[in-house]
Amino acid sequence: MRRRDFVTLLCGTVAAAWPLAARAQQPGKTYRVGLLATGGAIGGGDERRKAILEVLAAHGFVEGRNLAFEARWGDGRYDRLSEYAAALKASKVDVIVTFGYPAALAAKMSAKDVPVVVSGAGDPVATGLVESLARPGGNLTGSTELATELSAKRLEILKEAVPNLRKVAMLFNAADHGMTLRYRAAEAAAQVLNVNVQTLGVREPNDFEDAFAEMTRSRPDAILMVSDALTVLNRKKIMEFAAANKLPAIFEFSFLVRDGGLMSYGPNLAAIGARVGDFVARILGGARPADLPLEQPTQFELVINLKTAKALGLELSPTLLSRADEVIE
């Protein structure tokens with residue numbers, strides 16, 4: 001099913017399941033949605049933002065008519081996120097959508113009276129963002145992740161692509177609690193698969209050179225990159241190092257494969273955006289975040305860049321290629 005078809009179907013299903021938020025809209029009111037991202041700008045071409053807009057429009061909230069966005073982009077500067085969250089609260093937005101754990105934490109602490117819809121924040125229960133998935137409490141709800149299951153699946157796929165996999169370098173942001181928990185889940189999965197882990201925690205852009213030096217001194221068989229603002233903003237460095245050293249690498253999101261990465265397995269970003277849009281529509285219609293259980297993703301995709309595989313001299317099995325949702329040639 002194409003992404004647009006999926007979002008259209010989802011909109012229709014959601015609309016049938018609960019009264020349209022448009023019925024609760026205040027005539028003449030312009031609803032304001034704050035966007036707070038740990039990383040760079042979530043532009044108009046981003047799959048999540050497109051899906052959010054489509055779902056909101058299906059519920060009668062149309063950008064430029066009765067809906068306006070106010071964005072704050074962290075660009076990896078965690079120290080500014082609390083300030084940005086407070087600024088969104090001061091501007092009287094009706095709801096804040098966050099991307100990444102640091103942004104979610106900043107919104108929780110610095111915009112306590114504003115409803116918050118989180119995405120890409122790791123496990124919100126383990127990080128203490130919410131009390132439970134079913135009863136989040138406070139002012140947060142949104143989309144969570146299946147970190148343990150997905151980490152194990154990525155390693156299984158990596159081992160299938162690289163049958164002689166004995167050591168994997170795990171590159172993650174050690175300054176992000178949500179990503180550290182995701183790394184630990186991947187490390188536990190590696191033990192089950194009898195794969196040794198080379199731990200490469202980074203905290204700032206300059207740390208990547210140290211990580212590359214360590215991989216040069218003690219060469220891994222492959223790389224697993226835990227995706228957050230820091231690693232995604234520096235993805236070009238990682239991909240160039242992997243290409244130069246003929247190292248297969250697996251990522252979490254398909255756009256990283258379209259940028260030149262070898263493989264990705266993870267949630268469909270358009271589907272996540274659609275669910276975020278639904279949460280926002282419900283809140284704009286009067287629902288309280290504390291009453292909206294957090295949801296886990298249900299749409300996943302395996303994407304393989306065959307051009308990158310050939311450049312690495314990697315022969316992927318027909319079985320693995322047949323399971324891919326998308327093969328880039």
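In which loop does N194 lie? Keep that question in mind while opening this predicted model, since the tour returns to N194 at its last stops.

**The sheet**

Begin by selecting the five strands of the open sheet, which follow the order β2-β1-β3-β4-β5 with parallel pairing. At the edges stand β2 (67-73) and β5 (140-142), each with a single partner strand, so one side of each has no neighbour in the sheet. Looking across the strands, you will find that neighbours are turned against each other by 25° on average, direction ignored.

Next, restrict the selection to β1 (residues 31-37) and β2, which pair in the parallel sense over 7 bridges. Within this pair, display L36 and, opposite this residue, R72 in β2.

**Helices on the sheet**

Now add helix α2, which lies across β1, β2 and β3 (95-99) and runs at about 160° to β2. Helix α4 (residues 101-110) also packs on the sheet, where its contacts are with β1, β3, β4 (116-119) and β5, and the direction of α4 makes about 150° with that of β3.

**From α2 to α11**

Keep α2 (residues 47-58) on display and select helix α11 (residues 269-284): the two pack with their axes 7 Å apart, at an angle of about 40°, which makes α2 oblique to α11. The crossing by which α2 passes α11 is right-handed. To see the contact itself, show E47, R48, A51, I52, V55 and L56 on the α2 side, together with L269, A270, G273, A274, V276, G277, D278, V280 and A281 on the α11 side. By class, the residues of this contact comprise 10 nonpolar, 2 polar and 3 charged.

Within α2, centre the view on V55, a buried residue with a relative accessible area of 3%. A distance drawn from the C-alpha atom of V55 to that of A281 should read 8.0 Å, although the two residues are 226 apart along the chain.

**Two loops with positive phi**

Most residues other than glycine have a negative phi. With that in mind, select N194, which is not a glycine and yet has a positive phi of about 60°. The opening question is answered here, because N194 lies in the loop between α6 (177-192) and β7 (196-202), where this residue is exposed, with a relative accessible area of 63%.

Finish at K246, in the loop between α9 (235-244) and β9 (249-251). K246 likewise is not a glycine and has a positive phi, of about 55°, and with a relative accessible area of 45% K246 is partly exposed.

Note on methods
Residues numbered from 1 in each chain as written. Predicted model: local features only at pLDDT ≥ 70, side-chain atom pairs only at ≥ 80, totals over all residues. Heavy atoms only, no water. Axes fitted to C-alpha atoms, helices over the stretch in contact; angles between N-to-C directions. Helix = DSSP H or I, 4+ residues; strand = E, 2+ residues; numbered from the N terminus. Parallel < 35°, antiparallel > 145°, perpendicular 65-115°, else oblique. Left-handed = near helix turned anticlockwise from the far one by under 90°. Contact = heavy atoms within 4.5 Å. Nonpolar A, V, L, I, M, F, W, Y, C, P; charged D, E, K, R; others polar. Buried < 20%, exposed > 50% of the residue type's maximum accessible area, 1.4 Å probe, protein only. Pairing = 2+ DSSP bridges.
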